Amino acid sequence: MAISETVDMVDGNAADAQRPVAGKLHKQLTTWGCLFLAMSGLSPALSVFGIGSDVLLQTGSAAAPLFLLSIGVAVIWGTVYAELGSAYPYAGGDYVGVGTILGAWAAAVTLAIWATTLAPLIAFEAKAFATYINYVLPDVSASLLTGIALAASVGIALLAVRAGAWVTGVFLLIEMLAIVALGAAGLLHSSGDPLTIIANPVVAGPEGLLVAPTLAALALGGVNAAYATIGGNQALYFGEELIDPHKAMGRVVLIACFVGAFAIAVPMVLVVLGAPDLGAILRSPAPLATFLTQTLGSGAGKLISVCIALAIFNAMIVQIMLGARLYFSLGRDGVFSGPVNRFLNHVSHKSGVPRRATLVLAVFSALCCLASAHALLVFMSGLLVYAWGLVCLAVLIGRLKGKTGQDGYWRAPFGIFAPVLGLALALVFAIAKVTDEEYGRPSLIIMGGITIAAVFWSRLILEKRPGGWTPTLVDHS
């Protein structure tokens with residue numbers, strides 16, 4: 001592989017002296033491979049059995065209409081990201097397009113949010129993997145299982161991107177079969193009038209009585225349902241390895257978003273409408289496991305637990321792969337000092353994988369495993385409001401300035417409707433998070449602190465460099 005100097009194409013300026021000669025990622029990823037990676041990162045099974053179960057506990061049978069509404073949110077999410085990704089398909093993901101359109105401060109905020117939350121997310125997934133395997137193998141140490149999951153996922157992430165895509169594709173097939181089984185169980189056991197169930201939602205209240213869910217619970221449940229169904233943006237991080245990315249990226253994001261949203265929302269609706277004993281499900285701390293026991297028998301629980309564990313493991317692989325590419329781009333863009341930048345932007349000649357960046361992310365993730373799952377969740381959950389708001393603002397300004405939706409790139413229909421509605425949704429998410437004292441409010445404060453620190457880093461360090469600083473746009477030819 002030839003080593004060439006990356007060219008900064010923003011405003012016609014050459015890359016500044018802080019940016020070292022960088023390795024180039026290998027352009028070997030097909031549309032299908034990129035789609036497998038994006039879908040695996042979204043992880044339908046994890047979304048259903050993890051977040052979906054939580055929404056059922058929060059909102060009861062109201063989960064059905066909330067997940068139906070979340071499909072609309074996912075469509076807006078996918079539309080905005082498809083336009084941004086088609087115009088800026090780079091290894092840095094969101095921050096390249098956001099920073100190019102809005103400026104260095106926005107790039108610094110976006111990359112800081114993603115760079116600081118990826119390791120906690122991977123650690124949280126490793127702990128969740130151990131929890132589900134412990135259900136099948138209760139005598140095995142949870143810490144050992146966490147370590148095995150992290151080490152194995154890092155090992156697969158170090159493979160060439162095409163090999164990694166096919167491995168995740170196999171795991172994706174397994175988890176989709178679990179999703180289909182869940183939906184089929186709900187469809188075949190459907191009972192009662194769907195309109196009556198949806199129009200009169202109930203949730204388990206004190207002493208197990210079924211009561212109407214509160215408005216606050218519905219608001220927070222709606223945010224969580226939306227968070228479970230949105231996705232497809234994971235594809236952006238593989239833009240430099242995707243063949244013909246400006247043409248293909250929009251399609252990949254949209255397909256991953258739409259398929260993922262329906263694969264997650266529809267089974268959740270069918271579970272509510274098809275529950276043989278809805279009260280027992282809503283009173284259970286593991287509602288979907290109870291539903292499967294009611295419909296498929298007691299043996300289904302362990303089988304589904306294994307499928308969920310595999311889905312979590314698959315999502316970990318993709319999170320590590322995309323996180324490594326983000327860390328690689330930080331080195332290429334000269335975000336840190338010279339030696340750190342040179343270390344991070346190295347690419348393996350043989351595999352085309354940023355192995356050093358992968359191992360750095362692995363070390364951070366291992367350290368995060370020392371924290372509790374609760375602390376990790378608090379740290380991560382505010383990401384949606386800040387990052388999503390900046391992406392919508394960038395696409396809105398980008399469309400008005402002609403920096404997104406150009407000829408030959410994917411262009412969202414109805415003008416600026418999608419990013420404007422996306423900004424409104426970000427505000428709604430923020431309000432709902434404020435009402436959640438346990439996770440939402442602390443997370444918004446933590447992410448607010450990271451945002452302020454990133455702005456200071458941009459103003460005092462990055463923008464003081466000769467010629468300023470902007471994200472690198474790599475020539476895709």
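Threonine 79 is a convenient place to enter this predicted model, and its place is in helix H3. With a relative accessible area of 10%, threonine 79 falls under the 20% limit and is therefore buried. Beyond its neighbours within four places in sequence, threonine 79 is in contact with Leu254, Trp410, Ala412, Pro413 and Ala418.

One of these partners, Ala418, leads on to helix H18, where it is among the buried residues. Helix H18 runs over residues 417-434, and its 18 residues should span 26 Å at 1.5 Å a residue; the end C-alpha atoms are 26 Å apart, so expectation and model agree. The buried residues of H18 are Ala418, Pro419, Gly422, Leu425, Ala426, Phe429, Ala430, Ala432 and Lys433. Because these residues cover an arc of only 160 degrees around the axis, they sit on the same side of H18. A general feature of helices helps in reading such a list: with 3.6 residues a turn in an α-helix, residues three or four places apart point the same way. The buried residues of H18 pack against four helices, namely H3 (63-87), H9 (215-229), H17 (383-401) and H19 (440-460). On the face turned away from the buried side, H18 carries the exposed residues Phe417, Leu427 and Ile431.

Just ahead of this helix, the loop between H17 and H18 holds phenylalanine 414. Phenylalanine 414 is not a glycine, yet it has a positive phi of about 65 degrees. Its relative accessible area is 70%, which is over 50%, so phenylalanine 414 counts as exposed.

A positive phi in a residue other than glycine is also found at serine 43, where the value is near 55 degrees. Serine 43 lies in the loop between helix H1 (31-42) and helix H2 (44-59). Is serine 43 buried or exposed? Its relative accessible area is 1%, and serine 43 is buried.

The surroundings of these first helices are also met from helix H7 (residues 161-188), in which leucine 172 is found. Leucine 172 is buried, with a relative accessible area of 8%. Not counting residues up to four places away in sequence, leucine 172 touches Phe36, Met39, Ser40, Pro44 and Asn314. Leucine 172 and leucine 310 are separated by 138 residues in sequence, while their C-alpha atoms are 8.7 Å apart in space.

Helix H10 (residues 245-274) offers another example of agreement between length and expectation. Its 30 residues should span 44 Å at 1.5 Å a residue, and the end C-alpha atoms are 42 Å apart, which agrees. Of these 30 residues, 23 are buried, so H10 is largely enclosed by the rest of the structure.

Attention now turns from helices to open space. The second largest pocket holds about 410 Å³. It is lined by 21 residues, and the closest to its centre are Ala112, Ala115, Thr116, Leu330 and Phe336. Two or more lining residues come from each of helix H5 (104-136), helix H13 (300-332), helix H15 (355-368) and H19. Which element gives the largest share of the lining? That share, seven residues, comes from H5. By class, the lining of the second largest pocket has 20 nonpolar residues, one polar residue and no charged residues.

Terms used: Residues are numbered from 1 along each chain as its sequence is written. This is a predicted model: local features need pLDDT of at least 70, side-chain atom pairs count only at pLDDT 80 or more; totals for chains, interfaces and linings use all residues. Side-chain values use heavy atoms; hydrogens and water are left out. The expected span of a helix is 1.5 Å times one less than its number of residues. Buried means under 20% relative accessible area, exposed over 50%, partly exposed in between (1.4 Å probe, protein chains only). The arc is that of the directions from the helix axis to the C-beta atoms. Contact means heavy atoms within 4.5 Å. On a 1 Å grid over the protein atoms alone, a cavity is a set of points where a 1.4 Å probe fits but cannot get out, and a pocket is an open set with protein on both sides within 12 Å along at least five of seven lines; lining residues have an atom within 4 Å of a point. Grid points are joined across faces, edges and corners, and a volume is the space filled by probe spheres set on the points. Ala, Val, Leu, Ile, Met, Phe, Trp, Tyr, Cys and Pro count as nonpolar, Asp, Glu, Lys and Arg as charged, and the others, Gly among them, as polar.
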